[in-house]
Amino acid sequence: VKYYGSYFSRKSNTLWLILEYCASGSVIDLMLSMNRTFSEIEVATIIEMILKGLVDIHKKNLIHRDIKGANILLSEDGTAKIADFGVGVHLINEKNRNSKKGSPYWMSPQVALKSDYDSKTDIWSLGITCIEMIEGEPPYSQLKPRCVIEKIGRNPPIAEELINPDFHTDAFIDFVKNC
């Protein structure tokens, strides 16, 4: 999402960010408004655009660390854009490469364990986001966030654990496994 500038209000002690307007909201907003999950074709279309965005930010040695449906915004023409870089990190800054930041349900095992990680952590989260978009929730959504972090660190979710694996193509399951 394009950043146009910021404004600090001394009166309210608030920082306002001026960003590109994405009329359709997040993919989660769209799923809720349609009262359904996305098809594999819809997921593939969104993920293709997000992968292009990830290539760009990874080339700059940045990682997002919070890829999830709520942070993928859709413009009026259906273009998917990555938003909310609030927990992003520059890979050159070594001290931030092993901090536990991001949303628990989409967190990679390396982040959950606070071990050294790289841009692959965004790809992990992208795979979890695929599951979220096609099934409505990420794996372990029935658990409390703290329990999820512990579970991911010990036993990360895998594509075979999809709620309805028989409803998905082998290509989709393979893509999620590779993420």
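Which residue in E2 does Phe8 stand opposite? In this predicted model, the residue across from Phe8 is Leu15. Phe8 itself belongs to strand E1, and E1 and E2 are antiparallel partners held by six bridges. The turn between them is a hairpin with four residues between the strands, and here Asn13 takes a positive phi near 55°. Phe8 is partly exposed because its relative accessibility comes to 41%.

Both members of the Phe8 and Leu15 pair also turn up in a nonpolar patch on the surface, along with Tyr3, Leu17 and Leu19. Together these five side chains offer about 540 Å² of accessible area. Strand E1, covering 3-9, and strand E2, covering 14-19, each put at least two residues into the patch. The biggest giver is E2, with three residues.

Stepping back to the whole chain, there are six helices and seven strands. Going along the sequence, the order reads β-β-β-α-α-β-β-β-β-α-α-α-α. The chain has 179 residues, and 43% of them count as buried. Its accessible surface is about 10,500 Å², with 54% of that belonging to carbon and sulfur atoms. As for how the chain folds back on itself, take the contacts between residues at least 6 apart in sequence: 59% of these join residues at least 24 apart.

A second set of strands makes an open sheet. Three strands are lined up there as E3-E5-E6, with antiparallel pairing. Strand E3 (25-26) and strand E6 (80-82) sit at the edges with a single partner strand each, so one side of each has no neighbour in the sheet. The link between E3 and strand E5 (residues 72-74) consists of two bridges, and these strands run antiparallel. Across this pairing, Ser26 faces Leu73 of E5.

Strand E6 also comes into the picture through a salt bridge. Four salt bridges are found across the whole structure. In one of them, the side chains of Glu20 and Lys81 meet with N to O at 2.8 Å. Glu20 comes from the loop between E2 and E3 while Lys81 is part of strand E6, so this pair ties together parts that lie 61 residues apart in sequence. Glu20 counts as buried because its relative accessibility is 16%, under the 20% cut-off.

Two further salt bridges are worth going through. Glu42 pairs with Arg36, and their closest N and O atoms are 2.8 Å apart. Both partners are partly exposed: Glu42 has a relative accessible area of 25%, and Arg36 has one of 38%. In the other, Asp66 pairs with Lys68, with the closest N and O atoms 4.0 Å apart. Here Asp66 and Lys68 are both buried.

Next come the helices, with H5 (residues 145-154) as the example. Val148, Ile149, Ile152 and Gly153 are the buried residues named in this helix. These residues span an arc of only 130° around the axis, so they lie on the same side of H5. The other side of H5 carries Arg146 and Arg154, which are exposed. Part of the cover over the buried residues comes from helix H3 (109-112).

What about backbone angles in the loops? Most residues other than glycine have a negative phi. Asn35 goes the other way, with a positive phi near 60°. Asn35 sits in the loop that runs between helix H1 (27-34) and helix H2 (40-59), and at 71% relative accessibility this residue counts as exposed. Tyr140 is another non-glycine residue with a positive phi, of about 65°. Its place is the loop between helix H4 (120-135) and H5. Unlike the exposed Asn35, Tyr140 is buried, with a relative accessible area of 10%.

Key:
Residues numbered from 1 in each chain as written. Predicted model: local features only at pLDDT ≥ 70, side-chain atom pairs only at ≥ 80, totals over all residues. Heavy atoms only, no water. Patch = residues over 30% accessible without salt bridge, like charges linked within 9 Å, V, L, I, M, F, W, Y side chains within 5 Å. Areas by Shrake-Rupley, 256 points an atom, 1.4 Å probe, with all protein chains shown as cover. Buried < 20%, exposed > 50% of the residue type's maximum accessible area, 1.4 Å probe, protein only. Pairing = 2+ DSSP bridges. Arc of directions from axis to C-beta. Contact = heavy atoms within 4.5 Å.
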